[in-house]
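The following exercises are to be worked with the sequence and the coordinates at hand. Each task is followed by a solution in steps.

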Amino acid sequence: MSVSTPAPLSERIVPLTDPADSRVADYTSLTDVALRRRLEPERGLYLAESSKVLRRALDAGHRPRSFFMAEKWLEGLRDVLERYDVPVYVGSDDVLERITGFHLHRGAIAAMQRPEPLELTEVLARSRRVAVLEDIVDHTNVGAIFRSAAALDVDAVLVTPRCADPLYRRAVRVSMGTVFQVPWVRLEHWTADLQKVKDAGFLTAALALSDDAVTVDELAAEHPEKLALILGTEGQGLSAATLHHAERHVIIPMSHGVDSLNVAAASAVAFWETRPQG
């Protein structure tokens, strides 16, 4: 099958002068979190913000719908822009800020097509370590957890139905684009899907303060072949149902009267301590 040659970049650059231009609807009101959380999945898109992040998205095989930037960023991204036959919207800092709701200082933004969802059973079949995020609603924490997962040999991330979107702009940015590297699955039936994780041979370990918890180094000493670490929402922690079904409760030993860490920090400690050996 032949691949068409993109139109010359000069023909695809679209100057923006009107903040109400309907052609850039993908980029409007980016600071309205409630709106964007609904709108982006409905439109089948997400936003890759900054030159580094959008390059990582493209390297992962994701497809752009368009690019959006100030003219000063064109030359630095020319190699990318010339490869994809999509519009390149260019405007002054003032016009771009009125469209998005904030000042763009990280280079370009790309509106990207969301990739097709992955199948849980297929992801579990090729994984040894997975992280399960139960109802974590802070996008910064989700992005930070993905970055730690990529760095510390976690093969996949599973997110519950009410967990924040890993492809939301802030989560993508905080992860430095590692959300494109780590396979992830949005679970549909939590906690019923936890049984599927068990059936795939994973030891399920919930990070929680409980009287019968083992320490994370004690868990690591068991050398589980397959391990699913379950992390709970900010403040409330894990649900009672999840704690009931998890096979282990795990704590990170603390000093100086500190009882817990931020969930993103706790994930990094747990991922490191329980990383596969050999």
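A residue counts as buried when its relative accessible area is under 20%, and as exposed when that area is over 50%. The model under study is a predicted one.

**Exercise 1.** Determine whether Asp 193 is buried or exposed, and describe its surroundings.

*Solution.*
Step 1. Asp 193 belongs to helix H9, which covers residues 192–199.
Step 2. The relative accessible area of Asp 193 is 3%. The cut-off for a buried residue is under 20%, and Asp 193 is therefore buried.
Step 3. Once neighbours within four places in sequence are set aside, Asp 193 has contacts with Leu 120, Leu 187 and Glu 188.

**Exercise 2.** Establish the strand order of the open sheet of 7 strands, and explain why one side of S8 and of S10 lacks a neighbour in the sheet.

*Solution.*
Step 1. The order is S8-S7-S6-S11-S9-S12-S10, with parallel pairing.
Step 2. Strand S8 (184–186) and strand S10 (214–215) each have a single partner strand because they stand at the edges, so one side of each has no neighbour in the sheet.
Step 3. Helix H12 (residues 263–273) packs on the sheet and touches S6, strand S9 (203–207) and strand S11 (227–231). The direction of H12 makes about 165° with that of S11.
Step 4. Within the sheet, strand S6 (residues 129–133) and strand S7 (residues 156–159) run parallel and are joined by 4 bridges. Opposite Ala 131 stands Val 157 in S7.

**Exercise 3.** Assign the residues of strand S1 to a covered and an uncovered face, and identify the strand with which S1 pairs.

*Solution.*
Step 1. In a regular strand, side chains point alternately to one face of the sheet and the other.
Step 2. In S1 (residues 13–16), Val 14 and Leu 16 form the covered face, whereas Ile 13 and Pro 15 form the uncovered one.
Step 3. S1 pairs with strand S4 (residues 88–91) in the parallel sense, over 4 bridges. The bridge partner of Pro 15 in S4 is Val 90.

**Exercise 4.** Characterise the environment of Asp 135, and state which side chain it joins in a polar contact of 2.8 Å.

*Solution.*
Step 1. Asp 135 is placed in the loop between S6 and helix H7 (139–151).
Step 2. With a relative accessible area of 16%, Asp 135 is buried.
Step 3. Apart from neighbours within four places in sequence, the residues in contact with Asp 135 are Thr 160, Arg 162, Cys 163, Thr 233 and Glu 234.
Step 4. Asp 135 and Cys 163 are 28 residues apart in sequence, yet their C-alpha atoms are 4.0 Å apart in space.
Step 5. The side chain joined to that of Asp 135 by the polar contact of 2.8 Å is that of Thr 160.

**Exercise 5.** Which elements each supply at least two residues to the lining of the largest pocket, and which residues line the largest cavity?

*Solution.*
Step 1. The largest pocket holds about 600 Å³ of space. Of its 24 lining residues, Pro 117, Leu 118, Trp 184, Val 185 and Arg 186 are the closest to its centre.
Step 2. The elements that each supply at least two lining residues are helix H6 (120–125), S8 and H9. S8 gives the most, with 3 residues.
Step 3. A search of the whole structure yields 1 cavity of 30 Å³ or more. The largest cavity contains about 40 Å³ of space.
Step 4. The lining of the largest cavity is made up of Arg 129, Val 130, Leu 152, Val 154, Leu 229, Phe 271, Thr 274 and Arg 275.

Conventions. Residues are numbered from 1 along each chain as its sequence is written. This is a predicted model: local features need pLDDT of at least 70, side-chain atom pairs count only at pLDDT 80 or more; totals for chains, interfaces and linings use all residues. Side-chain values use heavy atoms; hydrogens and water are left out. Buried means under 20% relative accessible area, exposed over 50%, partly exposed in between (1.4 Å probe, protein chains only). Contact means heavy atoms within 4.5 Å. Two strands pair if DSSP finds at least two bridges between them. Axes are lines fitted to C-alpha atoms, for helices over the stretch in contact, and angles run from 0 to 180 degrees between N-to-C directions. A polar contact is a pair of N or O atoms within 3.5 Å; within protein, one must be able to donate a hydrogen and the other to accept it, and residues adjacent in sequence count only if both atoms are side-chain atoms. On a 1 Å grid over the protein atoms alone, a cavity is a set of points where a 1.4 Å probe fits but cannot get out, and a pocket is an open set with protein on both sides within 12 Å along at least five of seven lines; lining residues have an atom within 4 Å of a point. Grid points are joined across faces, edges and corners, and a volume is the space filled by probe spheres set on the points.
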